[in-house]
Amino acid sequence: LVICFFVISFFGYPLYRSYSPYLLMLAFAIILVLYPANNELERRSWLTKAILFVIFIFCAASTFLLWKRFDGEQNMRRAFQEQKYKHFERMEKIVAGVDNYFFPIDLTATPLKWYRGFAYHYSDRVDSAEFYFLQAERINPYHIQVLNDIGACLENKGNHIMAKEYFEKALNITPLFPSAVENLAIVYFNNGEIEKSYNLIHRINKSGFRRPILKAAISSIIERNENVLLNEF
């Protein structure tokens, strides 16, 4: 059981990490029950008392942390309900209440700070949204939605270079992530690189995501080519 504790603690997904303290507490309980105590003196030795005290502290702390995690998961369900009904201010308040050191990410490894940024974004508080998206990146720098949303904030500010870097980071992790592909195409389009914008989306247009930027790119290319033909004549 002790080996299972270390394996799950170091290599387990967030969904399973709460099981490891239970396993270790179970191991301690089994050891205490089966521990040979032949006489009263052995039971009362200072070493035995010290071990029992350490085990008690560990179990109490683990119980507290597991309760905080359980409370966070329950409140996140409430937050998702508020998101469903587009009550984003209520959603942010709920997430803010459970966003702490003991519960920084949900079961999908999405930082809770991203949910706060999401709620601020749809409450038209763009600067606050960007702040929490950047905080989320520090917690999970490989989360493609976090990277995509930071890039979108930067693009909305006109920072095409940094936005492009963030979209490319997301696509280096998941090359066919539709939102990042579309947003990177928008960066190219806004930067006047129409062919790159068109080629990027056209390459995976079978994915079926929204394609207004593709239509705009095609229209610009056709219009420019028609002007070139007219000038030649």
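**Exercise 1. Is Ala-136 buried or exposed?** Work out its status, then describe its surroundings.

*Solution.* Keep in mind that you are working with a predicted model.

- Step 1: Locate the residue. Ala-136 sits in helix H8.
- Step 2: Apply the cut-off. Buried means under 20% relative accessible area. Ala-136 has 0% relative accessibility, so Ala-136 counts as buried.
- Step 3: List the contacts. Leaving aside residues up to four places away in sequence, Ala-136 touches Pro-111, Lys-113, Trp-114 and Val-146.
- Step 4: Check a C-alpha distance. Ala-136 and Gly-117 are 19 residues apart along the chain, and their C-alpha atoms are separated by 8.6 Å.

**Exercise 2. How do H7 and H8 pack, and which residues meet?** Start from the geometry and finish with the chemistry.

*Solution.* Two packed helices are described by the angle between their axes and the distance between the axes.

- Step 1: Take the two values. The axes of H7 and H8 are 8 Å apart, at an angle of about 165°.
- Step 2: Classify the angle. Angles over 145 degrees count as roughly antiparallel, and H7 and H8 are therefore roughly antiparallel to each other.
- Step 3: Add the handedness. The crossing of H7 with H8 is left-handed.
- Step 4: Name the partners. H7 contributes Lys-113, Trp-114, Arg-116, Gly-117, Phe-118, Tyr-120 and His-121, while H8 contributes Ser-128, Ala-129, Tyr-132, Phe-133, Gln-135, Ala-136 and Ile-139.
- Step 5: Sort them by class. The contact of H7 with H8 has eight nonpolar, four polar and two charged residues.

**Exercise 3. At what angle do H8 and H9 pack, and which residues meet?** Follow Ala-136 to the next helix along.

*Solution.*

- Step 1: Read the geometry. H8 and H9 pack at about 145°, and their axes are 9 Å apart.
- Step 2: Give the handedness. H8 and H9 make a left-handed crossing.
- Step 3: Name the partners. From H8 come Glu-130, Phe-133, Leu-134, Ala-136 and Glu-137, and from H9 come Val-146, Leu-147, Asp-149, Ile-150, Cys-153 and Leu-154. Ala-136 is thus listed here and also in the contact of H7 with H8.
- Step 4: Sort them by class. The contact of H8 with H9 has eight nonpolar, no polar and three charged residues.

**Exercise 4. At what angle do H10 and H11 cross?** Decide also how the two helices are oriented.

*Solution.*

- Step 1: Read the geometry. The H10 and H11 axes come within 9 Å and cross at roughly 155°.
- Step 2: Classify the pair. With the cut-off at over 145 degrees, H10 and H11 are therefore roughly antiparallel.
- Step 3: Give the handedness. H10 and H11 cross in a left-handed way.
- Step 4: Name the partners. Among the residues making the contact are Phe-167 and Leu-171 of H10, and Leu-184 and Tyr-188 of H11.
- Step 5: Sort the full set. The contact of H10 with H11 has nine nonpolar, three polar and two charged residues.

**Exercise 5. Where are Lys-86, Ala-109 and Asn-140 found?** Compare their backbone and accessibility where you can.

*Solution.*

- Step 1: Lys-86 belongs to the loop between H5 and H6. Its phi is near 60°, a positive value in a residue other than glycine. Lys-86 counts as exposed because its relative accessibility is 64%.
- Step 2: Ala-109 belongs to the loop between H6 and H7. Its phi is also positive, near 65°. At 23% relative accessible area, Ala-109 is partly exposed.
- Step 3: Asn-140 lies in the loop between H8 and H9. Its relative accessibility is 18%, so Asn-140 counts as buried.
- Step 4: Connect two of the loops. Not counting residues up to four places away in sequence, Asn-140 touches Ala-109 and Pro-111.

**Exercise 6. Which residues touch the most other members of the largest nonpolar core?** Then place the core within the whole chain.

*Solution.*

- Step 1: Pick out the centres of contact. The core has 37 residues, and Met-76, Met-91, Val-95 and Trp-114 touch the most other members.
- Step 2: Find the elements involved. Those giving two or more residues to this core include H5 (46–84), H7 (112–121) and H12 (194–202).
- Step 3: Follow one member. Beyond residues up to four places away in sequence, Met-76 touches Val-95, Val-98, Phe-103, Leu-112 and Tyr-115.
- Step 4: Widen the view. The protein chain has 13 helices and zero strands, and 35% of its 233 residues are buried.
- Step 5: Look at sequence separation. Of the contacts with a separation of 6 or more, 46% join residues 24 or more positions apart.

Definitions and conventions
Residues are numbered from 1 along each chain as its sequence is written. This is a predicted model: local features need pLDDT of at least 70, side-chain atom pairs count only at pLDDT 80 or more; totals for chains, interfaces and linings use all residues. Side-chain values use heavy atoms; hydrogens and water are left out. A nonpolar core is a set of buried Ala, Val, Leu, Ile, Met, Phe, Trp, Tyr and Cys residues joined through side-chain atoms within 4.5 Å. Buried means under 20% relative accessible area, exposed over 50%, partly exposed in between (1.4 Å probe, protein chains only). Helices (H or I, at least four residues) and strands (E, at least two) are DSSP runs, numbered from the N terminus. Contact means heavy atoms within 4.5 Å. Axes are lines fitted to C-alpha atoms, for helices over the stretch in contact, and angles run from 0 to 180 degrees between N-to-C directions. Angles under 35 degrees count as roughly parallel, over 145 as roughly antiparallel, 65 to 115 as roughly perpendicular and the rest as oblique. A crossing is left-handed if the near helix is turned anticlockwise from the far one by less than a right angle, and right-handed if clockwise. Ala, Val, Leu, Ile, Met, Phe, Trp, Tyr, Cys and Pro count as nonpolar, Asp, Glu, Lys and Arg as charged, and the others, Gly among them, as polar.
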